[in-house]
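Thanks for coming, everyone. I'll keep this brisk. Please have a look at the sequence and the fold before I start.

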Amino acid sequence: MGDDAALIRRFVDCFLRLDDSSYTADAPPPATLSLGQDPDDWNTIRWAPAAIESPPESLGDLPSNESLPALYRQLVLSFRWLSVDLHIVRLLGNPPGDGLEPLANQMTSDPVIQNTLGPKGYVRFALAPDCYDPICFDLNRVANDDCPIVRLSHEPILMRDKIGDVSTVFNTFRDLVYAVLALEHQT
């Protein structure tokens with residue numbers, strides 16, 4: 001677990017280097033994540049992830065929480081962040097709030113996607129970098145407390161409530177973390 005804590009810290013540290021960390025919504029970001037106004041653009045507020053511990057029972061807020069990869073569970077219990085573009089995925093935010101309910105709300109925010117994916121063993125935790133395709137944990141293939149990361153085409157889901165193309169993008173969540181870390185060193 002100690003090595004995983006360091007891995008998670010490195011992963012979260014790269015959020016600011018890969019994403020521009022700007023927040024331009026009408027309401028300001030949560031105070032615990034806010035870095036204040038950008039001195040070069042007063043219409044933009046900058047944010048940063050924060051180490052905020054959540055109790056393990058908070059995992060009960062998430063869909064299929066017992067089957068989610070252990071590294072992801074540790075990540076969401078240890079840090080809070082806004083949606084972040086990591087170039088290979090756009091990770092859904094885990095903003096501060098009551099337990100992990102804000103993250104769960106983002107994971108299930110699209111009822112058509114949720115109602116199609118959930119019963120088929122997929123849990124959306126990110127989006128593709130270039131479109132609305134969900135990036136999901138494939139809970140049908142859990143092994144060693146991890147599972148494949150798949151990309152699903154959003155069109156068949158939204159138009160016909162069916163799962164179309166499924167492509168494995170990473171063999172495990174841990175592989176995704178290492179890929180993001182490698183990408184961060186290339187930029």
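First, a term. I call it a salt bridge when a side-chain nitrogen of Lys or Arg is within 4 Å of a carboxyl oxygen of Asp or Glu. One caution as well: this is a predicted model.

So, how many salt bridges does the structure hold? Six. I'll walk through some of them.

Start with Asp4 and Arg174. Their side chains meet in a salt bridge, at 2.9 Å from N to O. Where do the two partners sit? Asp4 is in helix H1, residues 2–13, and Arg174 is in helix H7, so this pair ties together parts that are 170 residues apart in sequence. Asp4 counts as buried, at 17% relative accessibility. Arg174 counts as partly exposed, at 27%.

Next, Asp145 and Arg73. This is another salt bridge, and the closest N and O atoms are 3.2 Å apart. Asp145 lies in the loop between strand S9 (134–138) and strand S10 (149–152). Arg73 belongs to helix H3, residues 70–78. The pair therefore ties together parts that are 72 residues apart in sequence. Here Asp145 is partly exposed, with 40% relative accessibility. Arg73 is buried, with 16%.

Now Asp133 and Arg151. Their closest N and O atoms are 3.0 Å apart, and they form a salt bridge. Asp133 lies in the loop between strand S8 (122–127) and S9, and Arg151 in strand S10, so parts 18 residues apart in sequence are tied together. Asp133 counts as buried, at 9% relative accessibility. Which residues join into one network through shared salt-bridge partners? Asp130, Asp133 and Arg151 do.

Let me turn to helix H7, the one that holds Arg174. H7 covers residues 173–186, which is 14 residues. At 1.5 Å a residue, H7 should span 20 Å. Its end C-alpha atoms are 20 Å apart, so that agrees.

Which residues of H7 are buried? Phe173, Leu176, Val177, Val180, Leu181, Leu183 and Glu184. These residues cover an arc of only 160 degrees around the axis, which puts them on the same side of H7. What does the face turned away from that buried side carry? Two exposed residues are there, His185 and Gln186.

On to the cysteines. A disulfide is a covalent bond between the sulfur atoms of two cysteines. How many does this structure hold? Zero. Take Cys136, which is in no disulfide. The nearest cysteine sulfur belongs to Cys147 and is 9.9 Å away. Why is there no bond from Cys147 to Cys136? The cysteine sulfur closest to that of Cys147 is in Cys136, and because 9.9 Å lies between them, they are too far apart for a bond. Are these cysteines buried or exposed? Cys136 is buried, with a relative accessible area of 0%. Cys147 is buried too, with 1%.

Last stop, the surface. Val112, Leu158 and Met159 form a nonpolar patch there. Together, the three have about 270 Å² of accessible area. Val112 is found in helix H5, residues 111–117. At 31% relative accessibility, Val112 counts as partly exposed.

To recap, take two things away. The salt bridge of Asp4 and Arg174 ties H1 to H7. And H7 keeps its buried residues on the same side.

Definitions and conventions
Residues are numbered from 1 along each chain as its sequence is written. This is a predicted model: local features need pLDDT of at least 70, side-chain atom pairs count only at pLDDT 80 or more; totals for chains, interfaces and linings use all residues. Side-chain values use heavy atoms; hydrogens and water are left out. Helices (H or I, at least four residues) and strands (E, at least two) are DSSP runs, numbered from the N terminus. The expected span of a helix is 1.5 Å times one less than its number of residues. Buried means under 20% relative accessible area, exposed over 50%, partly exposed in between (1.4 Å probe, protein chains only). The arc is that of the directions from the helix axis to the C-beta atoms. Patches are made of residues with over 30% relative accessible area and no salt bridge: like charges are joined within 9 Å, nonpolar side chains (Val, Leu, Ile, Met, Phe, Trp, Tyr) within 5 Å. Accessible areas come from the Shrake-Rupley method with a 1.4 Å probe; for residues, only the protein chains shown count as cover. A disulfide is a pair of cysteine sulfur atoms within 2.5 Å.
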